Amino acid sequence: QVQLVQSGGGLAQAGASLRLSCAASGRASSTYVITWFRQAPGTVREFVATILGPTYADSVKGRFTIERDSAKNTVYLEMNDLKPEDTAVYYCAATTKYYTDPHPSQYLYWGQGTQVAVSS
């Protein structure tokens, strides 16, 4: 069992930066693949970035950075040059397998979600 606790996020203006954190705990949690997804109102949950690679969605490539602090067993999502279309609830998720095309259905463990709102 893996527990994921998220922090960070909030309200930002377009062009600003925010950082999200996902702290993992539990048995063998440091070996799990951590991926960020997001879900805007009225839309499906979509892939943002995964720690393996790392790999990014085209919509965030060059603006977002995912990185792991192994000592803290925490994965961060640094979000720069934010745009209004980045507004969503962001979730981190964990799995034991690597998928070339990450999809929410592949992930068993989820963080509680954190709201990011970007104003123009």
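Which two residues form a disulfide, and how far apart are their sulfur atoms? I will start there and work outwards. Keep in mind that this is a predicted model.

The residues are Cys22 and Cys92, and their sulfur atoms are 2.1 Å apart. A search of the whole structure finds 1 disulfide. In general terms, a disulfide is a covalent bond between the sulfur atoms of two cysteines. Here the pair links distant parts of the chain, with Cys22 in strand E3 and Cys92 in strand E9, 70 residues apart. The angle about the S-S bond is 75 degrees, and the link of Cys22 and Cys92 is right-handed.

Is this pair buried or exposed? Both Cys22 and Cys92 are buried. For Cys22, the relative accessibility is 1%, and buried means under 20%, so Cys22 counts as buried.

Next, the surroundings of Cys22. Setting aside residues up to four places away in sequence, Cys22 touches Leu4, Val5, Gln6, Ile34, Trp36, Asn73, Thr74, Val75 and Cys92. A further distance can be read off here: the C-alpha atoms of Cys22 and Leu77 are separated by 8.4 Å, with their positions 55 residues apart along the chain.

That brings me to the core. The largest nonpolar core has 34 residues. Leu4, Trp36, Leu77, Met79 and Tyr90 are the ones with the most contacts inside it. At least two residues of this core come from each of these strands: E1 (2-8), E3 (18-26), E4 (33-39), E5 (46-50), E7 (64-69), E8 (74-79), E9 (88-95) and E11 (114-119). Which strand gives the most to this core? That is E9, with 5 residues.

Take Met79 as one example from the core. Apart from its neighbours within four places in sequence, Met79 is in contact with Ala16, Ser17, Leu18, Leu20, Arg63, Phe64, Tyr90 and Val116. One of these, Tyr90, is also on the list of residues with the most contacts inside the core.

Now the sheet. There is an open sheet of 4 strands in the order E1-E3-E8-E7, and the pairing is antiparallel. Why do E1 and E7 each have one side without a neighbour in the sheet? They stand at the edges, each with a single partner strand, so one side of each is left free of a neighbour. From one strand to the next, the twist averages 20 degrees. Looking at one pair in detail, E7 and E8 run antiparallel and are joined by 6 bridges. Within that part of the sheet, Glu67 stands opposite Tyr76 in E8.

Between E7 and E8 there is a loop, and Asn73 is found in it. Asn73 has a phi near 50 degrees, a positive value in a residue other than glycine. Its relative accessibility is 13%, so Asn73 counts as buried. Beyond residues within four places in sequence, Asn73 is in contact with Cys22, Ala23, Ala24, Ser25, Ser29, Ser30 and Arg68. That list takes us back to Cys22, where we began.

Asp81 also has a positive phi, near 50 degrees, and is likewise a residue other than glycine. Asp81 has its place in the loop between E8 and E9. With a relative accessible area of 41%, Asp81 is partly exposed.

Why point these out? Most residues other than glycine have a negative phi, and most peptide bonds are trans. On the second point, there is a cis peptide bond to mention. It joins Gly53 and Pro54, with omega at about -5 degrees. Pro54 sits in the loop between E5 and strand E6 (55-56).

The last residue is Tyr109, which lies in strand E10, residues 109-110. Tyr109 has a relative accessible area of 16% and is buried. Not counting residues up to four places away in sequence, Tyr109 touches Gln1, Val2, Leu4, Tyr32, Cys92, Ala93 and Ala94. How far apart are the C-alpha atoms of Tyr109 and Gln1? They are separated by 8.1 Å, while the two residues are 108 apart along the chain. Since Cys92 is among the contacts of Tyr109, the talk ends at the other half of the disulfide formed with Cys22.

Note on methods: Residues are numbered from 1 along each chain as its sequence is written. This is a predicted model: local features need pLDDT of at least 70, side-chain atom pairs count only at pLDDT 80 or more; totals for chains, interfaces and linings use all residues. Side-chain values use heavy atoms; hydrogens and water are left out. A nonpolar core is a set of buried Ala, Val, Leu, Ile, Met, Phe, Trp, Tyr and Cys residues joined through side-chain atoms within 4.5 Å. Buried means under 20% relative accessible area, exposed over 50%, partly exposed in between (1.4 Å probe, protein chains only). Contact means heavy atoms within 4.5 Å. Two strands pair if DSSP finds at least two bridges between them. Axes are lines fitted to C-alpha atoms, for helices over the stretch in contact, and angles run from 0 to 180 degrees between N-to-C directions. A disulfide is a pair of cysteine sulfur atoms within 2.5 Å.
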